[in-house]
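I opened the notebook to look at internal cavities, helix packing and backbone oddities. Entries follow in the order I looked things up.

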Amino acid sequence: MEEALNSTIHPACLQEPPLAIDVIKQMDAFEFCLYSMLTFMSCMSLVLYLEQCVFIYNNLPYPKKTTIMWVNGAAPVIATMACFGMWIPRAVMITDMTSNCYFAVVVYKILVLIIEELGGTNQFLERFSGQTVRVNTGPCCCCCACLPRVPMTRRLLFWLKVGALQYAILKTVLSVVSVVLWTNGNFDLSDLEITGTAIWINPFIGVLTITSLWPVAIIFMNFNHLLRSLNIVPKYAMYQLVLVLSQLQTSIINILALDGTIACAPPFSSQSRGSLLSQQMMIMEMFIITLVNRSMYRRTYDKLPPEAQDNDFNAQAALQADLVEHDV
């Protein structure tokens with residue numbers, strides 16, 4: 001029975017991902033047009049990002065401009081690496097590692113960006129030191145309404161930065177270790193046994209991811225109302241979207257491929273075809289996000305008004321609303 005089952009499986013479904021030249025040789029007209037269009041999208045994402053970097057460098061002060069360059073680069077870098085992974089299927093492990101390591105740094109840079117928009121670390125502490133902030137935010141403690149508010153201090157801000165920075169460091173280290181083990185045949189995503197390395201490394205990376213997202217969410221949820229004029233909410237939404245698409249979507253597709261839901265299509269095995277579909281979807285999604293980010297970040301802003309001016313503005317707005325309601 002087992003021999004009959006094995007005889008019905010195409011040999012390519014049990015092989016490693018094909019070489020790039022084998023993919024090119026077996027392309028038909030539709031696949032060639034698809035690959036060409038997606039390659040054009042990834043190249044345009046990179047060109048638009050480089051042009052955006054020139055604009056940011058010439059119009060924004062340091063260190064805000066370097067932070068914004070890092071944040072803007074998430075979508076183009078992921079799209080470029082996905083394009084390499086699409087054309088060279090055997091390099092997917094390395095391209096995914098590069099994309100994930102870059103985005104791990106972006107998680108920390110989002111936290112730095114919010115603080116920089118509020119005037120930098122020193123001005124942030126002068127303005128908000130002693131004020132209480134709520135820590136019952138996602139993804140860790142969104143359901144823990146009983147958690148008390150804690151005062152903002154230099155020590156708390158330091159630990160929030162460390163919480164976001166640890167992911168950038170440890171994710172890079174674990175990604176390099178995974179690639180080294182992969183080249184030696186010791187790291188395989190399809191190996192779900194307790195003795196496999198993937199079953200230990202990947203859950204640990206998931207814990208690091210959640211731990212790093214929590215400090216960023218704390219800062220954003222407590223201070224985003226002060227940065228509405230700087231479009232901080234849609235910027236944060238784009239960062240969250242990149243996170244979901246590059247991490248959650250890829251994980252779901254890989255699970256479906258391992259389960260056999262994504263069928264084998266020679267010369268691609270189920271796992272290789274799942275990776276291919278993930279790379280192609282990623283290029284289109286990151287291209288759109290690059291265009292959206294360009295429209296949001298390609299502008300200069302005045303300095304954030306001081307707290308007293310904020311209070312005066314809010315008082316005037318409230319008074320005007322009361323007058324309108326009285327007239328009605």
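**Entry 1: the largest cavity**

Which residues line the largest cavity? I am working on a predicted model. I listed the lining: Val71, Ala74, Ala75, Phe103, Val106, Ile110, Lys235, Met238, Tyr239, Val242, Asn293 and Tyr297. I noted a volume of about 80 Å³ for this cavity. The structure holds 3 cavities of 30 Å³ or more.

I then looked up which helices supply the lining. α5 (74–87), α6 (92–117), α10 (232–259) and α11 (270–297) each give at least two residues. α10 gives the most, with 4 residues. By class I have 10 nonpolar, 1 polar and 1 charged residues in this lining.

**Entry 2: the second largest cavity**

I moved on to the second largest cavity and read a volume of about 50 Å³. Leu48, Tyr49, Gln52, Asn72, Pro76, Thr290, Asn293 and Arg294 line it. Two elements, α3 (29–59) and α11, give two or more residues each to this lining. I sorted the lining by class and got 3 nonpolar, 4 polar and 1 charged. Asn293 is on my list for the largest cavity and on my list for the second largest.

**Entry 3: α5 against α11**

How do the axes of α5 and α11 cross? They come within 8 Å, and the crossing is at roughly 150 degrees. An angle over 145 degrees counts as roughly antiparallel, so I logged α5 and α11 as roughly antiparallel to each other. The crossing is left-handed.

I wrote down both faces of the contact. From α5 come Ala75, Pro76, Ile78, Ala79, Met81, Ala82, Cys83, Gly85 and Met86. From α11 come Leu276, Gln279, Gln280, Met282, Ile283, Met286, Ile289 and Thr290. The class split is 13 nonpolar and 4 polar, with no charged residues.

I checked these names against the cavity lists. Ala75 takes part in this contact and lines the largest cavity. Pro76 and Thr290 take part in the contact and line the second largest cavity.

**Entry 4: α6 against α10**

Next I looked up α6 and α10. They pack at an angle of about 165 degrees, and their axes are 11 Å apart. With the cut-off at over 145 degrees, α6 and α10 are therefore roughly antiparallel to each other. I noted a left-handed crossing here.

α6 brings Asn100, Phe103, Val107, Ile110, Ile114 and Glu117 to the contact. α10 brings Ile232, Lys235, Tyr236, Tyr239, Val242, Leu243, Ser246 and Gln247. By class I get 9 nonpolar, 3 polar and 2 charged. Phe103, Ile110, Lys235, Tyr239 and Val242 are in this contact, and they are also in the lining of the largest cavity.

**Entry 5: backbone checks**

Is the peptide bond from tyrosine 62 to proline 63 cis or trans? I found cis, with omega near 5 degrees. Proline 63 is in the loop between α3 and α4 (64–72).

I also checked phi of asparagine 231. The value is near 60 degrees, which is positive in a residue other than glycine. I placed asparagine 231 in the loop between α9 (198–223) and α10.

Notes: Residues are numbered from 1 along each chain as its sequence is written. This is a predicted model: local features need pLDDT of at least 70, side-chain atom pairs count only at pLDDT 80 or more; totals for chains, interfaces and linings use all residues. Side-chain values use heavy atoms; hydrogens and water are left out. On a 1 Å grid over the protein atoms alone, a cavity is a set of points where a 1.4 Å probe fits but cannot get out, and a pocket is an open set with protein on both sides within 12 Å along at least five of seven lines; lining residues have an atom within 4 Å of a point. Grid points are joined across faces, edges and corners, and a volume is the space filled by probe spheres set on the points. Ala, Val, Leu, Ile, Met, Phe, Trp, Tyr, Cys and Pro count as nonpolar, Asp, Glu, Lys and Arg as charged, and the others, Gly among them, as polar. Axes are lines fitted to C-alpha atoms, for helices over the stretch in contact, and angles run from 0 to 180 degrees between N-to-C directions. Angles under 35 degrees count as roughly parallel, over 145 as roughly antiparallel, 65 to 115 as roughly perpendicular and the rest as oblique. A crossing is left-handed if the near helix is turned anticlockwise from the far one by less than a right angle, and right-handed if clockwise. Contact means heavy atoms within 4.5 Å.
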